[in-house]
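This report describes a two-chain complex for a reader who has the coordinates at hand. It begins with one residue and its surroundings, and then turns to the core, the helices, the contact between the chains and the confidence of the prediction.

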Amino acid sequence: MSAETMLAFETDCHIFSGCGFDAPGLHNFVFRPLFTINGFEFNKPMLLALLSTVVVVGFFWAAFGKAKVVPGKLQMIGEAGYDFVRRGLVYDALGKREGDKYVPFMVSLFFFVWIMNLWSIIPVAAFPVTSVIAFPVGLAAIVYILWVYLTFKKHGFVGALKNITGYDKSLGWVLPLIVVIEFLSNMIIRPFTHAVRLFANMFAGHLLILMFTIASWYLLNGVGVVYAGASFLMTLAMTAFELFIQAVQAYVFVLLACNYVQGALAEHH
Amino acid sequence: MNALVTMAAEVPENPLIPPIPELVIGLIAFFIVFGILAKKLLPNINKVLDERRKLIEGRMEEAESLQAEAQQVLADYRAQLADARHEAARLRQEAQEQGATLIAEMRTEGQRQREEIIAAGHAQIEADRKAAAQALRRDVGTLAVELSGKIVGESLEDVSRQSRTVDRFLDELEAGATKAEAGR
């Protein structure tokens with residue numbers, strides 16, 4: 001039986017039967033390839049990532065493909081989501097005039113990240129794509145490149161360096177310290193945390209759900225039934241909590257992206 | 001258990017090191033979303049949102065112009081009404097004035113006619129009186145002569161005497177009449 005199709009309740013391992021608890025861990029985030037083409041291993045997270053594309057594009061195609069002045073239900077929902085990102089995130093951070101250019105990017109980013117997160121609580125899929133670091137890293141890298149590009153384009157080479165290093169003569173003797181810290185912060189730590197924040201939240205959330213799910217099954221023996229019930233309730237609670245966290249993390253990811261763009265366009269101080 | 005062991009062997013050392021194939025797939029997946037949304041779907045909805053905004057603005061402008069028109073019409077109507085009232089008042093005033101003039105004219109005319117009639121009546125009366133007086137004088141003279149002739153039995157041939165006698169008689173009569181009139 002291949003690992004990715006192996007589910008917790010397919011083992012007969014229960015408490016009080018001399019069988020150890022198979023705790024979830026890093027191995028739950030590694031999948032065997034579904035198929036291999038010329039050495040390229042196609043696995044479940046990739047499939048889910050591509051399905052996210054299909055879902056996001058499919059939804060917006062259905063909603064906006066034949067957009068009408070008097071909207072249907074689906075278009076209204078789409079407009080609400082679109083407006084949420086446009087006004088709530090982009091215009092808020094960048095203003096309408098500056099922000100309009102970045103609306104499509106931020107809207108795509110938000111819904112793509114959100115749907116990738118959402119797979120966590122969808123039965124069968126049951127895996128948040130963003131808990132594989134490669135996906136958040138890719139998206140954070142795009143934002144990072146955009147930020148660097150905008151900073152240099154807006155301020156020129158020297159201005160951009162000043163912007164990135166927080167150069168300010170009035171700081172006096174702490175200036176070298178500030179320059180080093182700011183440079184490290186902006187160029188290395190910030191993109192790293194941008195990606196890891198999303199990754200770690202989804203990773204931890206998935207681990208928690210897995211933990212309680214596996215435990216619910218493992219504890220299902222003798223007096224352990226009570227614990228199994230509690231564990232199952234926790235599974236439900238964590239699932240509901242994850243639903244919330246997924247949206248929040250998508251929101252935060254895009255909010256930070258907007259802030260970085262705003263920082264790139266702002267005059268340095 | 002065997003499967004888990006083999007899996008554990010495949011676990012990478014560090015979950016923070018991104019595997020390249022996933023990275024590539026992730027970027028491709030995102031850029032498909034971005035491309036389709038940015039090139040087709042969001043311009044689509046932006047156009048519709050713009051249209052909707054224009055439509056709403058257009059409706060509002062239309063409503064505003066209609067309201068302005070209505071107010072204009074109302075103002076015109078009120079002005080016309082005021083004009084009409086004014087005109088009516090003027091006409092009434094004029095009519096009153098004309099009526100007063102007419103009445104005054106009629107009154108003077110009536111006065112004049114009355115006076116004319118009265119004057120004509122007086123003249124007529126005077127003429128009649130004179131004619132009557134003449135006729136009376138003639139008839140009285142004749143009657144008196146005849147009467148006195150009959151009474152006296154003598155013919156008074158002498159015309160001048162006769163005439164004098166009559167005149168005297170008449171003068172006496174007249175004096176009597178005048179005295180009576182003055183005494184009245």
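## The surroundings of A:Cys258

Leaving out residues up to four places away in sequence, A:Cys258 touches A:Leu89, A:Val90, A:Ala93, A:Leu94 and A:Met106. The model is a predicted one, and within it A:Cys258 belongs to helix H6 of chain A. Because 24 C-beta neighbours lie inside 10 Å of it, where 20 or more are needed, A:Cys258 counts as buried.

A:Trp119 and A:Cys258 stand 139 residues apart along the chain, and the distance between their C-alpha atoms is 25 Å.

## The nonpolar cores

A:Met106, one of the residues touched by A:Cys258, is also among the residues with the most contacts inside the largest nonpolar core, a set of 66 residues in which A:Phe110, A:Val113 and A:Val254 share that standing. Two or more residues of this core come from each of H1, H2, H3, H4, helix H5 (175-218) and helix H6 (224-265) of chain A, and H2 of chain B contributes in the same way. The most is given by H3(A), which supplies 13 residues.

For A:Phe110, once neighbours within four places in sequence are set aside, the contacts are with A:Val85, A:Ala250 and A:Val254. Another core, of eight residues, lies apart from the largest one, and its members include A:Ile209, A:Ile214, A:Ala215 and A:Leu219.

## Overall build of the two chains

Chain A contains six helices and two strands, and their order along the sequence is β-β-α-α-α-α-α-α. Its C-alpha trace extends over about 70 × 60 × 45 Å along the principal axes. Among the contacts in chain A with a separation of 6 or more, 64% join residues 24 or more positions apart. Of the 269 residues of this chain, 37% count as buried.

Chain B has three helices and zero strands, so that description carries over directly to its pattern from the N terminus on, α-α-α. Of its 184 residues, 7% count as buried.

## Two helices of chain A compared with their expected spans

H1(A) has 21 residues, which should span 30 Å at 1.5 Å a residue, and the 29 Å between its end C-alpha atoms agrees with that expectation. Its buried residues are A:Pro45, A:Met46, A:Leu48, A:Ala49, A:Ser52, A:Thr53, A:Val56, A:Val57, A:Phe60, A:Ala63 and A:Phe64.

H4(A) departs from the straight case, since a straight helix of 32 residues would span 46 Å at 1.5 Å a residue, whereas its end C-alpha atoms are only 28 Å apart. A kink of about 120° is present in H4(A), with its centre on A:Gly156. Just after this helix, A:Gly166 adopts a positive phi of about 65°.

A:Lys154 also has its place in helix H4 of chain A. It is partly exposed, because 15 other C-beta atoms lie within 10 Å, a count between the limits of 12 for exposed and 20 for buried. Beyond residues up to four places away in sequence, A:Lys154 touches A:Ala264 and A:Leu265. From A:Lys154 to A:Val180 the separation is 26 residues in sequence and 22 Å in space, taken C-alpha to C-alpha.

## The contact between the chains

The contact draws 40 residues from chain A and 32 residues from chain B. On the side of chain A that touches chain B, at least two residues each are supplied by strand E2 (40-42), helix H1 (44-64), helix H2 (73-99), helix H3 (103-118) and helix H4 (134-165). H1(A) gives the most to this side, with eleven residues. By residue type, the side of chain A that touches chain B consists of 30 nonpolar, six polar and four charged residues.

## Confidence of the prediction

For the complex, the predictor gives an ipTM of 0.88 and a pTM of 0.72. Chain B has a mean pLDDT of 84, with 86% of its residues at 70 or more.

Within chain B, confidence is highest in helix H2 (residues 20-152), at a mean of 90, and lowest in helix H1 (residues 2-10), at 45. Over residues 1-9 of chain B, pLDDT stays under 50, and for this stretch the model has nine contacts beyond four places in sequence.

Terms used:
Residues numbered from 1 in each chain as written. Chains lettered and ligands numbered in written order. Predicted model: local features only at pLDDT ≥ 70, side-chain atom pairs only at ≥ 80, totals over all residues. Contact = placed C-beta atoms within 7 Å. Helix = DSSP H or I, 4+ residues; strand = E, 2+ residues; numbered from the N terminus. Nonpolar A, V, L, I, M, F, W, Y, C, P; charged D, E, K, R; others polar. pLDDT = per-residue confidence, 0-100. Core = buried A, V, L, I, M, F, W, Y, C linked by C-beta atoms within 7 Å. Bend = angle between axes of the 7 residues up to and from the residue.
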